[in-house]
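Please open the model in a viewer and keep the sequence panel visible. The tour below proposes one selection after another and states what is found at each stop.

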Number of protein chains: 2
Amino acid sequence: MKSNPKVIKLTGNSFAVLALLEEFGDLTSYEIKGAMEKSIENFWPVPHTTAYEEPARLAAAGYLSARQEEGGRRRRIYSVTEKGREALREWSAAPTASPPQLRDEAVLKVFAGADPEPIRAEREAWHRMKLAELQGMLDEVRQAEGFENSEPTLQAGVAYHRMWLDVLERLGGQK
Amino acid sequence: MKSNPKVIKLTGNSFAVLALLEEFGDLTSYEIKGAMEKSIENFWPVPHTTAYEEPARLAAAGYLSARQEEGGRRRRIYSVTEKGREALREWSAAPTASPPQLRDEAVLKVFAGADPEPIRAEREAWHRMKLAELQGMLDEVRQAEGFENSEPTLQAGVAYHRMWLDVLERLGGQK
DNA sequence: CCTTTACCGTTCGTCCCGAACTATACGACT
DNA sequence: AGTCGTATAGTTCGGGACGAACGGTAAAGG
């Protein structure tokens, strides 16, 4: 006996949540949030409210089911339903993905006439920090169980930040 | 005599529009759309409706003024007001920018367990296309007047796609 | 048992997006 | 002149995404 499920549009955020649940098993929103930070946030950034709102949306449409903790905070624990699994499979089997999007306020500022140097320097520092962070996570992930899929994406992240540092260094040098 | 201006939040899209108008002078929405495609869309992608909606928003809040064409389509031509110029100056003078965001469905798919190879290949083709496109624009822009600021951002774009091709090539090779 | 600190979760208003659609101008052809 | 095709120009709308702000709950230390 189920209330007739709402029809929603499945977006990138939807699949992000579905993929995490599929990979890590049943999770609460808080755990989803944590998992996002450890795995996909580098190439799929979302605000933390997504970890609460998106599962609720998905559950309302029948892609997830939720059961409630008995005691304590009585948090909801989400699982992927067959419908959810099916949607995820279909999406990930499709061989095309929409092109990557870069949103870079720094370049926008330079375009608007800002002095490039302080911005360049800030960016360089930021990428260095990120790089260190990712390398730390890689170490963690290699020791832990169940994070196998995270490794390649972390690696991609490492390569990505390296390449930026490269570009930035050249920019810094040529002035 | 002006109706009391609405208060809005200035976002990245706002500054994108302001910067374009400042750089190219007064423009219609359609021209803004064209200018976006030629300059910022690589690091600040927006749907074309932004070129219509955002100027209207900005005008309602007093950052732009609009005058109307007399005949024909009676399009609105936007100019930056003093208030707009001031806001733009303040923003671009601030030495910090929010970190760049990458949204990459392809990596998400791989994370979800998709076969990497076709996705890799598609991406490689896409970056090649983009690269050619940008190089074409660079040539254009070098001949045209008034696009001086576009050159560095186009160059950045070129570097960006080159680096992706590099990464992808290595990924392809190692398998 | 009270305070502090960390953890956990939600609400809300606004912005943003993209699909779909409409409308105007300009030729070219008959 | 009409009409057809096509490129150009512009708008509407509904739902998704975002982020600021706030509210609650638990565990640890005194």
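Begin by selecting S14(A), in a model that is predicted. Is S14(A) buried or exposed? A residue counts as buried if 20 or more other C-beta atoms lie within 10 Å of its own. S14(A) has 23 C-beta neighbours inside 10 Å and therefore counts as buried. This residue is found in helix α1 of chain A. Next, display what surrounds S14(A): leaving aside its neighbours within four places in sequence, S14(A) is in contact with E54(A) and L58(A). Add R57(A) to the selection as well. Although S14(A) and R57(A) are 43 residues apart along the chain, a separation of 8.7 Å is found between their C-alpha atoms.

**The whole of chain A**

Now widen the selection to chain A and colour it by secondary structure. Chain A contains 7 helices and 4 strands. Followed from the N terminus, these elements come in the order α-β-α-α-β-β-α-β-α-α-α. Turn the chain so that its principal axes can be compared: along them, the C-alpha trace spans about 70 × 35 × 35 Å. The radius of gyration of chain A is 20 Å, whereas a compact globule of 175 residues would have one near 16 Å. Of these 175 residues, 33% count as buried. As for contacts between residues at least 6 apart in sequence, 56% of those in chain A join residues at least 24 apart.

**The sheet of chain A**

Select β1(A), β2(A) and β3(A) next. In what order do the strands of this open sheet lie? The order is β1-β3-β2, and the pairing is antiparallel. Strands of a sheet pair through backbone hydrogen bonds, either parallel or antiparallel. β1 (27-28) and β2 (64-68) of chain A stand at the edges; each has a single partner strand, so one side of each is left without a neighbour in the sheet.

Two pairings may be inspected here:

- β1(A) pairs with strand β3 (residues 76-80) of chain A over 2 bridges; T28(A) stands opposite I77(A).
- β2(A) is joined to β3(A) by 5 bridges; S65(A) stands opposite S79(A).

**A visit to chain B**

Move to chain B and select its strands. β1(B) and strand β3 (residues 76-80) of chain B run antiparallel and are joined by 2 bridges; the bridge partner of T28(B) in β3(B) is I77(B). Strand β2 (residues 64-68) of chain B also pairs with β3(B) in the antiparallel sense, over 5 bridges. There, Y78(B) of β3(B) is the bridge partner of A66(B).

Then select helix α2 (residues 29-38) of chain B. Which residues of this helix are buried? Highlight S29(B), I32(B), K33(B) and A35(B), which are buried. They lie on the same side of α2(B), because they cover an arc of only 165 degrees around the axis. An α-helix has 3.6 residues a turn, so residues three or four places apart point the same way. To see what the buried residues of α2(B) pack against, add α1 (12-24), β1 (27-28) and α3 (50-60) of chain B.

**Where the two chains meet**

Finally, show both chains together. A turn of 180 degrees, with a shift of 0.0 Å along the axis, lays chain A on chain B with an RMSD of 0.1 Å. That is the relation of a two-fold axis. The same surface serves both copies, since 100% of the contact residues of chain A recur in chain B. To locate the rotation axis, select L102(A): of the residues of chain A, L102(A) comes closest to the axis, at 2.4 Å (C-alpha).

The contact takes 43 residues from chain A and 43 residues from chain B. On the side of chain A that touches chain B, the elements that give two or more residues are α1 (12-24), α4 (82-93), β4 (101-103), α5 (105-111), α6 (116-143) and α7 (150-174) of chain A. The largest share of that side comes from α5(A), with 7 residues. By residue type, the side of chain A that touches chain B divides into 29 nonpolar, 9 polar and 5 charged residues.

For the last stop, select β4(A) together with strand β4 (residues 101-103) of chain B. These strands run antiparallel and are joined by 3 bridges. Which residue of β4(B) is the bridge partner of R103(A)? The partner is Q101(B).

Notes:
Residues numbered from 1 in each chain as written. Chains lettered and ligands numbered in written order. Predicted model: local features only at pLDDT ≥ 70, side-chain atom pairs only at ≥ 80, totals over all residues. Rg over C-alpha atoms; globule rule 2.2 N^0.38 Å. Buried ≥ 20, exposed ≤ 12 C-beta atoms within 10 Å, placed from the backbone. Contact = placed C-beta atoms within 7 Å. Least-squares fit on C-alpha atoms with pLDDT ≥ 70 in both. Nonpolar A, V, L, I, M, F, W, Y, C, P; charged D, E, K, R; others polar. Pairing = 2+ DSSP bridges. Arc of directions from axis to C-beta.
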